Amino acid sequence: MIKLTTVHIKVQQPGFQTTVQDLGRPGYAQFGVSASGAADRLSLRLGNLLVGNKPGSAALEMTLVGGTFEFEADAVIAITGSDFEPTINGKQAPMWSSLFIYAGDILRFGATKTGARCYCCIHGGVQVPRLLGSASTHIMTELGGWDGRALKKNDVLMYNKSELDSFVPVRLKNEILQSLSAREVLRVTYGPQMDWFTDEALDIFSSSAYRVAEEANRMGLRLTGGTLERKDSKDMLTEGVSLGAIQVPQDGQPIILFVEHQTTGGYPKIANVVSVDIHAIGQLRPRDEVRFKFVSIENALSLLSHQESLINPQSLIPYHG
Amino acid sequence: MAKHPKNSVFPRLQFASDRSLLVTFGGSISRRHHLDVRRLCLLLETDASLAIETVHPAYSSVLVSFDPMKTPPKALEAAIEKMLERIDSVKIPEPRNIEIPVCYDDEFAPDIKDVSIHNKLSVEDVIRIHSSVEYLVYFLGFSPGFPYLGEMPKQIATPRLATPRVSVPAGSVAIGGSQTGVYPIASPGGWRIIGRTPLRLFLPEQNPPVRLSIGDLVTFRAISKNTFYKLAASEQGGNEAWEKKISYEGRVRL
C-alpha cells in the first residue's frame, strides 16, 4: 500500500495561457459539452509515458510562453511538445526524458523556440477535482481543470510527492523523436459538404498555403488565404461537428475546429484533419503557414495505426543523466 | 421509414472524418426527421460492440464518433445500415413534459421591448405568445445543456443582435431570429434576451449533466420576481450567492 502525500507547486509566473489538461471528456457532445483536452495529445501521452503515468493523467499545458513553478517536494516530471527553453534552478533541462525535481526546485519555461505548446507531466498527475470524469479545462465555458481557467500568479497546484529512489530515469528513443517533427502539411479527408464547393475551391484548398490568423485558440484556428467559393448560397441545417473539421463561413476563409469547438455547427465543412495529424494543429501558432492534402480514410488509418504503435514503453530507453 | 420513395438520397451515410460517420435523414427541420434521429440514437445506445465514443443527434442527422482502431469504418457503416433497415420498428418512449418557470420582468429581459416593437405587439402579448406554446427539444448543443427548441410562433421572431453580448447570464431565455432557447451557462450570445429561469439546466455533478433531454416537451410559465428568487435560492443553495452572480457585464458562474 503506497502512502500518498499531497504537496504543492506554487505558480510564480503562470505563462501566457497555462491550463490543466488530460485527454478530455468525450462522449458528452449530445449534451452540448465539448470534449476539450490537450491541444497536442501526442505530446501529453508521451510525457505521461515517460513518468510512468496512465496516458490520460492530468498535466500542465503551456501556450506560447511558459510559466515558472516552485516545487514544494520531490517529483518526477517530463517536458514534451515544443521547446520553451526549460530550466531547473537556472540550468537547462532536457526534454523528452524523465527528470528528477527536488524539494524547493524552480522550474522555469520561457517563450517557444518552435511550436505553440509545451507540456509538463508529473508522476501521479496534477490533482484537480474531476468534472464529468476529466481534469481538462474548457476555457470558453469556464469548466473543469483548475477552477475553469488558465493559471494565475500565486495559484497553488497539488500533486503527490514522488519516491525518487524507486524511479528509473528514461528518455524517448531518437527515432521516435524524428517521426514527431512538425508538420506543415496537414492531411485531410473529405468533409460532409465537400460537394458544396466549386472545383476551383477544392483546387485552391488542396494546393495553396494558408496562414494561421491571430484569432487562433483552443476553440478554432481561423486561416487566411485563397477564398473558397460555394456552388450556391444555400444555408445548412445545424449538425454535429467532429474534431478537426474545417468549416467555411460566408467569407470563404476556412476555420479548423479544435478541442474546445462547439458541439454543433451550421457552416459547410470542406474537409477534416486526419486523426494522426490532430496533434500538429495544437502546435500551430498565429502567422504559421499551413497546407492541406487530401488522403483516403484507409491511408489515414494506416498512418494512425503506425503512430499508435510508437506510444508504448518499448519506445523508452533508460538513461543516466 | 427505410428510404423515401421519391428521393433515394436519404438516409445518407457519409464519413465526416476518419473516426466519425454522419447519418442524414433529410435537409429540413421536421418532426418526422426528428423521430428518425431519435430511433437511430436509441438503437445505437443499446450497442456495446462498435467502440462508439459519441452519438450526437441534431435536427435531421446523427454524427457517430467511434474508435477506428477498434472498429473498422466499413464495419460501422454496415452495422448502421442494418439498424436503418429496422428503424421503423423502434419504439420511442413517451415524451416528458417539462415546465420551465421564467421571469419576464424588465430586470431580466433587456431586449423584450425591442421584440415587442419589432413585432408591433405589447410586451404582455410577447410574454403570452412565448409561453403559450409547447416546444419540442430537438436536441442539445452549442453549449452545455443548450436546447434547440421548436417551433416558436412567427409573431415574435426577431433578428439577432448586430453585435453579440460578451456575456449572457446563465438561465437567460432568448429569441434569435425564428428560434428560441435558454442559455444554461453564461456565454457570449447574440440572441434577444426576454427573460430568465431560476432553474439550472446544466448540472455537471450529475449524469446525464442536463435537465432537458432530446424529445422533451417544454412549456414556459411566467413567474414573478419573488417567485424567481425563491426558486433560485433552492436551485442554487442560497439566495445571496445567486444575487451576487447576476451581471450582464461580468461572467456568471454556476
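**Exercise 1. Find the loop that holds E151(B), then check the peptide bond leading into E151(B).**

Solution. Start with the place: in this predicted model, E151(B) sits in the loop between strand 7 (147–150) and strand 8 (165–168) of chain B. Next, look at the bond to G150(B): the peptide joining G150(B) and E151(B) is cis. Its omega comes out at about -15°.

**Exercise 2. Chain B has a cis peptide bond at F10(B) too; work out which residue F10(B) is joined to and where that partner lies.**

Solution. Step one: the cis bond links F10(B) to P11(B), with omega about -5°. Step two: P11(B) belongs to the segment before strand 1 (12–17) of chain B.

**Exercise 3. Look at the backbone of K120(B): is its phi positive or negative, and where does the residue lie?**

Solution. Read off the angle: phi of K120(B) is near 55°, so you're looking at a positive value in a residue other than glycine. Now place K120(B) on the chain: you'll find it in the loop between helix 3 (112–118) and helix 4 (123–130) of chain B.

**Exercise 4. Describe how chain A and chain B meet, going from contacts to area to polar pairs.**

Solution. Begin with the contacts: 35 residues of chain A touch 43 residues of chain B. For area, the two chains bury about 3,200 Å² between them, and 62% of that is on carbon and sulfur atoms. Then go to the polar side: there are 9 residue pairs in polar contact across the interface, counting pairs with both residues at pLDDT 80 or more. Salt bridges across the interface come to 0.

Now turn to chain A's side. Strand 13 (185–190), strand 16 (239–240) and helix 5 each supply at least two residues to it. Helix 5 of chain A gives the most, with 6 residues. By residue type, this side splits into 17 nonpolar, 14 polar and 4 charged.

**Exercise 5. Work out which chains line the second largest pocket, and what sort of residues they bring.**

Solution. Size up the space: the second largest pocket holds about 1,000 Å³. Its lining has 49 residues, and those nearest the centre are P26(A), R41(A), L243(A), R19(B) and E53(B), giving you both chains. Next, sort the elements that each supply at least two lining residues. From chain A these are helix 1 (41–50), strand 20 (269–273), helix 4 (278–281) and helix 5 (297–310). From chain B they are strand 3 (52–57) and strand 4 (61–66). Finally, type the lining: 19 nonpolar, 20 polar and 10 charged.

Notes:
Residues are numbered from 1 along each chain as its sequence is written. Chains are lettered from A and ligands numbered from 1 in the order in which they are written. This is a predicted model: local features need pLDDT of at least 70, side-chain atom pairs count only at pLDDT 80 or more; totals for chains, interfaces and linings use all residues. Side-chain values use heavy atoms; hydrogens and water are left out. On a 1 Å grid over the protein atoms alone, a cavity is a set of points where a 1.4 Å probe fits but cannot get out, and a pocket is an open set with protein on both sides within 12 Å along at least five of seven lines; lining residues have an atom within 4 Å of a point. Grid points are joined across faces, edges and corners, and a volume is the space filled by probe spheres set on the points. Helices (H or I, at least four residues) and strands (E, at least two) are DSSP runs, numbered from the N terminus. Ala, Val, Leu, Ile, Met, Phe, Trp, Tyr, Cys and Pro count as nonpolar, Asp, Glu, Lys and Arg as charged, and the others, Gly among them, as polar. Contact means heavy atoms within 4.5 Å. Buried area is the accessible area (1.4 Å probe) that two parts lose on being put together, summed over both. A salt bridge is a side-chain nitrogen of Lys or Arg within 4 Å of a carboxyl oxygen of Asp or Glu. A polar contact is a pair of N or O atoms within 3.5 Å; within protein, one must be able to donate a hydrogen and the other to accept it, and residues adjacent in sequence count only if both atoms are side-chain atoms.
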